[in-house]
Amino acid sequence: MEDFNDPLSLEELTEKVLELTERVTKLEALLELHEKTFQEIKGELRRLEAKLEARIDRYFWLWVTTLIAAVVLRVFGFL
């Protein structure tokens, strides 16, 4: 366990500051990578959501068209 009352030399303080700076730099790079990955995932989800909405719209209009065709065929006695 460190003794916080024990003064460190200037070289030791400099070394600790450099180590901490290096760790912060690595953490910032990692955070940037995660943010980029998050943005890519978010973009992919938006693209998939738009694709799903388009598919739902297409099937909805297919269902409406089929229903209208069935009603027309029923009215004219084909069903």
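**Exposure, patches and shape in a predicted model**

Trainee: Why is L79 called exposed?

Mentor: L79 has 58% relative accessibility, and exposed means over 50% relative accessible area, partly exposed 20% to 50% and buried under 20% (1.4 Å probe, protein chains only); therefore L79 counts as exposed. L79 is found in the segment after α1 (10-75). This is a predicted model, in which local features need pLDDT of at least 70 and side-chain atom pairs pLDDT 80 or more, while totals for chains, interfaces and linings use all residues. Residues are numbered from 1 along each chain as its sequence is written, and side-chain values use heavy atoms, without hydrogens and water.

Trainee: Why does E15 count as partly exposed?

Mentor: E15, which is found in helix α1, counts as partly exposed because its relative accessibility is 48%.

Trainee: Which residues form the negative surface patch?

Mentor: The patch is formed by E11, E12, E15 and E19. Patch residues have over 30% relative accessible area and no salt bridge, with like charges joined within 9 Å and nonpolar side chains (Val, Leu, Ile, Met, Phe, Trp, Tyr) within 5 Å. A salt bridge is a side-chain nitrogen of Lys or Arg within 4 Å of a carboxyl oxygen of Asp or Glu. L79 belongs to a nonpolar patch of about 1,300 Å², whose members include F60, W61 and W63.

Trainee: What radius of gyration does the protein have, set against a compact globule of 79 residues?

Mentor: The protein has 32 Å, whereas such a globule would have a value near 12 Å; the radius is taken over C-alpha atoms, and the globule rule is 2.2 Å times the number of residues to the power 0.38. The C-alpha atoms fill a box of roughly 100 × 20 × 10 Å along the principal axes, and 1% of the 79 residues count as buried.

Methods: Areas by Shrake-Rupley, 256 points an atom, 1.4 Å probe, with all protein chains shown as cover. Helix = DSSP H or I, 4+ residues; strand = E, 2+ residues; numbered from the N terminus. Lys, Arg positive; Asp, Glu negative; His and termini not counted. Charge placed at Lys NZ, Arg CZ, Asp CG, Glu CD.
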